[in-house]
Number of protein chains: 2
Amino acid sequence: MVLWLTGLSGSGKSTIAEEFVKRNENFVLLDGDVLRNGLCKDLGFSDEDRVENLRRIREVCKLFVKEGKNVITAFISPFEEDRQLAKKEIPNCYVINVECPLEVCEQRDVKGLYKKVRAGEIPQFTGISSPFENSKADLILNTDVSNLERCVNGLIIFCKGKK
Amino acid sequence: MVLWLTGLSGSGKSTIAEEFVKRNENFVLLDGDVLRNGLCKDLGFSDEDRVENLRRIREVCKLFVKEGKNVITAFISPFEEDRQLAKKEIPNCYVINVECPLEVCEQRDVKGLYKKVRAGEIPQFTGISSPFENSKADLILNTDVSNLERCVNGLIIFCKGKK
């Protein structure tokens, strides 16, 4: 099974995914920030590079699935085509929308990225200067109204229903 | 533990690695031909692309090692710098030379590649029109004098000695 989390920067994807894997040992976490510093560190944030980034992640998902592992991914994945490709290419892949209004993400600004964007230091930032396309999700987690515990529980219940 | 097999096309890397993982369940096989059709299918066979190919493989190795898996890789990996980078970047990574004279590899020609090379259909082919640099190995398997059984046993004994 692959849980493909999608959402704005600061929406809570990594936080949810990290807590989820703590409670589900047979899940591997593939995190955007981590992969951007490793496998995908040659890529930037142009539309083209974002597409290639997610193509590689799908391929790594397949390698883990082949080894009997489940995967949870935490990437912005702004384009619907890439999300649907994940569902098409990977059996039992589910798209999970991690939803939070842009204003709330910007208020949180855990990594200080929004501040940099507003200062003009980061071009092509999703939600501001780069698009985030609507996502047809299998599950929606609203992190502005639900706390971490509730979101993770929601994800666990969702997984049980899919077994 | 990562076993990094290196050798000419047709030297027997995949055959050895496939047999090895059958007997060692906690090993994941990353095979050149398979990865070239997936994660690295955007890459060609220029020196630059070969380097990028192996950079990605090292990163995937790290992801599996992080999940408690051992890995055996079967890539030509013609450049010594890339092999040594694997040893440097990945703890307990060992370079295994799968050695076989070029003439014997060409006689075997399991995939019909050498025939195509001689017909001028494949440029940049390792050992003929692209270099294979000498490899400083942790273990050498000579597939022209040792059969599959003996090579795989040699690899298993090597692993036991490293535990």
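## Two chains, one axis

In this predicted model, Val60(B) is the residue of chain B whose C-alpha comes closest to the rotation axis, at 3.7 Å.

**Exercise 1.** Work out what kind of axis relates chain B to chain A.

*Solution.* Start with the superposition: a turn of 180° with a shift of 0.0 Å along the axis lays chain B on chain A, and the RMSD is 0.0 Å. That's how a two-fold axis relates its copies. Now check the contacts: both copies use the same surface, since 100% of the contact residues of chain B recur in chain A.

**Exercise 2.** Describe the side of chain B that touches chain A, beginning with how many residues are in contact.

*Solution.* Count first: 10 residues of chain B are in contact with 10 residues of chain A. Next, look for the main contributor on the chain B side, and you'll land on helix α3 (residues 47-66), which gives the most, with 5 residues. Finally, sort that side by class: 4 nonpolar, 1 polar and 5 charged residues.

**Exercise 3.** Decide how helices α1(B) and α7(B) are oriented to each other, then say what their contact is made of.

*Solution.* Two numbers describe a packed helix pair: the angle between the axes and the distance between them. Here α1 (residues 13-23) and α7 (residues 148-162) of chain B pack at about 60°, with axes 10 Å apart. Roughly perpendicular would take 65 to 115 degrees, so α1(B) and α7(B) count as oblique to each other. Their crossing is right-handed.

On to the residues: α1(B) brings Thr15(B), Ile16(B), Glu19(B), Phe20(B) and Arg23(B), and these meet Leu148(B), Cys151(B), Val152(B), Leu155(B) and Ile156(B) of α7(B). By class, that contact has 7 nonpolar, 1 polar and 2 charged residues.

Definitions and conventions. Residues are numbered from 1 along each chain as its sequence is written. Chains are lettered from A and ligands numbered from 1 in the order in which they are written. This is a predicted model: local features need pLDDT of at least 70, side-chain atom pairs count only at pLDDT 80 or more; totals for chains, interfaces and linings use all residues. Copies are superposed by least squares on the C-alpha atoms of residues with pLDDT of at least 70 in both. Two residues are in contact if their C-beta atoms, placed from the backbone, lie within 7 Å. Axes are lines fitted to C-alpha atoms, for helices over the stretch in contact, and angles run from 0 to 180 degrees between N-to-C directions. Helices (H or I, at least four residues) and strands (E, at least two) are DSSP runs, numbered from the N terminus. Angles under 35 degrees count as roughly parallel, over 145 as roughly antiparallel, 65 to 115 as roughly perpendicular and the rest as oblique. A crossing is left-handed if the near helix is turned anticlockwise from the far one by less than a right angle, and right-handed if clockwise. Ala, Val, Leu, Ile, Met, Phe, Trp, Tyr, Cys and Pro count as nonpolar, Asp, Glu, Lys and Arg as charged, and the others, Gly among them, as polar.
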